[in-house]
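Here are some exercises to work through with the model open beside you. Try each task yourself before you read its solution.

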Amino acid sequence: MAFLTKLSKISPLARVCLSRCMSHVPENTVYGGPTPQTADRRVTLNQLKQKYKKGEPITVVTAYDYPSAVHLDIAGIDICLVGDSASMVVHGHDTTLPISLEEMLVHCRAVARGAKRPLLVGDLPFGTYETSTSQAVDTAVKVLREGGMDAIKLEGGSPSRITAAKAIVEAGIAVIGHVGLTPQAISVLGGFRPQGKNVSSAIKVVETAMALQEAGCFSVVLECVPAPVAAAATSALRIPTIGIGAGPFCSGQVLVYHDLLGMLRHPHHAKVTPKFCKQYACVGDVIKKALSEYKEEVNNGSFPGPSHTPYKMNPDDVNGFFNELEKLGLNKAASAATAAAEKMNTAQRPDTETS
């Protein structure tokens, strides 16, 4: 009783602090305290595992900037991958090889500002993780710390890549593996060629995926492999597979934002847009039409009209402005200002009368 009497006399701030200490908060929320479980919270690895266990498909989209990340957020996409394919799609290169870590970090930060719900995964670009496990871990740390990502993705299944994946996982960073067509290895693969089309290549895809699983990867991307190979890998693994050009038997699918929207119509992009990509819209045609209309309206003087010229001066200020310009000897400018004011007033009168 005495304790309760003393408690009633302490300051509100002290009472809040004490109540926190006495709170029966679940251990897994101790750092942030109890928060509402809303749909707007970041997708977690545990949630993805639950989807996988239930057989629910996982949706992944590759995006590179703030506006596209906001769109993914609104659409409720599970994972946003900031891919090194930005080298081709955004920077106009013919391969993914030229993009640097610094450029990737700019894309990662922009996406992180826009996508509040999807799990964020950043690609490790070519040349930033192959030299040693120490280099791989350092790069992965940068992608999380400086890029704002939740996890990383790395390509390939050579022994050194498996070792790198294992080292990154042991450093406390979640990793997605990537097998099949690995664009960073096009000099070895002989170009952007599908993999797993013969027995030895198909077995290699499955074995490499299993090795990445054993290294601690929480998921594996299967790119450009026949559907039976993807089905076999998906069945053999205990982690989700994300297909891209790998048929319908994976645990989830990934497409590039620009590709699925039909956004680009430049010959270069027609060359690099993959055959397996389904275009869910023709946004490129809409953009082209809008830009053409804008150009035409600027050329014929119809834009900007009164409704897009919102900032006004009252008549007294217009006259005062006119007089000050004349004092400065800027008679031509004074006449231009007066003529503009009269023209805008004339153009806006019908709107005023209607209202």
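The exercises below go from the whole chain to single residues, and they rest on a predicted model.

**Exercise 1. Take stock of the chain.**
State how many helices and strands the chain has, and what share of its residues is buried.

*Solution.* Start with the secondary structure: the chain holds 16 helices and 8 strands. Next, turn to burial: of the 355 residues, 38% are buried. Finally, look at how far apart in sequence the contacting residues are. Among contacts with a separation of 6 or more, 56% link residues 24 or more positions apart.

**Exercise 2. Trace the sheet.**
Find the order in which the strands close into a barrel, and work out how E8 is paired.

*Solution.* Follow the strands around: the 8 strands close in the order E1-E2-E3-E4-E5-E6-E7-E8, with parallel pairing. On average, neighbouring strands are turned by 25° against each other, direction ignored.

Now go to E8, residues 252–256, and take its partners in turn. Strand E1 (residues 58–62) runs parallel to E8 and is joined to it by 5 bridges. Here isoleucine 58 stands opposite glycine 252, and valine 61 has leucine 255 as its bridge partner. Strand E7 (residues 241–244) also pairs with E8 in the parallel sense, over 2 bridges. In that pairing, glycine 243 is matched with glutamine 253.

Last, check burial: 4 of the 5 residues of E8 are buried, so E8 is largely enclosed by the rest of the structure.

**Exercise 3. Explore the nonpolar cores.**
Identify the residues with the most contacts inside the largest nonpolar core, and the helix that gives the most to it.

*Solution.* The largest nonpolar core has 59 residues, and Ile152, Leu154, Ile168, Val220 and Leu222 have the most contacts inside it. Helix H6 (residues 101–114) gives the most to this core, contributing 6 residues. A separate core of 16 residues includes Leu48, Ala174, Ile176 and Val221.

Then zoom in on Leu222. Beyond four places in sequence, the residues it touches include Val179, Val205, Ala230, Ile242, Ile244 and Cys250. As background, nonpolar side chains tend to be buried together in soluble globular proteins.

**Exercise 4. Classify a helix crossing.**
Decide how H4 and H6 are oriented, and which residues make the contact.

*Solution.* First take the geometry: the axes of H4 (residues 66–75) and H6 come within 7 Å and cross at roughly 40°. That angle makes H4 oblique to H6. The crossing is right-handed. Now list the contact: H4 supplies Tyr66, Ala69, Val70 and Asp73, while H6 supplies Ala110, Val111, Arg113 and Gly114.

**Exercise 5. Inspect the backbone at two loops.**
Describe the phi of cysteine 224 and the peptide bond before proline 304.

*Solution.* Recall the background: most residues other than glycine have a negative phi, and most peptide bonds are trans. Cysteine 224, in the loop between strand E6 (219–223) and helix H11 (227–236), has a positive phi, near 55°. With a relative accessible area of 13%, cysteine 224 is buried. Proline 304 sits in the loop between helix H14 (283–300) and H15. A cis peptide bond joins phenylalanine 303 to proline 304, with omega about 0°.

**Exercise 6. Place one glutamate.**
Is glutamate 326 buried, partly exposed or exposed?

*Solution.* Locate glutamate 326 in helix H15 (residues 315–327). Its relative accessibility is 37%, so glutamate 326 counts as partly exposed. Leaving aside neighbours within four places in sequence, glutamate 326 is in contact with Asn331 and Ala334.

How values were computed
Residues are numbered from 1 along each chain as its sequence is written. This is a predicted model: local features need pLDDT of at least 70, side-chain atom pairs count only at pLDDT 80 or more; totals for chains, interfaces and linings use all residues. Side-chain values use heavy atoms; hydrogens and water are left out. A nonpolar core is a set of buried Ala, Val, Leu, Ile, Met, Phe, Trp, Tyr and Cys residues joined through side-chain atoms within 4.5 Å. Buried means under 20% relative accessible area, exposed over 50%, partly exposed in between (1.4 Å probe, protein chains only). Contact means heavy atoms within 4.5 Å. Two strands pair if DSSP finds at least two bridges between them. Axes are lines fitted to C-alpha atoms, for helices over the stretch in contact, and angles run from 0 to 180 degrees between N-to-C directions. Angles under 35 degrees count as roughly parallel, over 145 as roughly antiparallel, 65 to 115 as roughly perpendicular and the rest as oblique. A crossing is left-handed if the near helix is turned anticlockwise from the far one by less than a right angle, and right-handed if clockwise.
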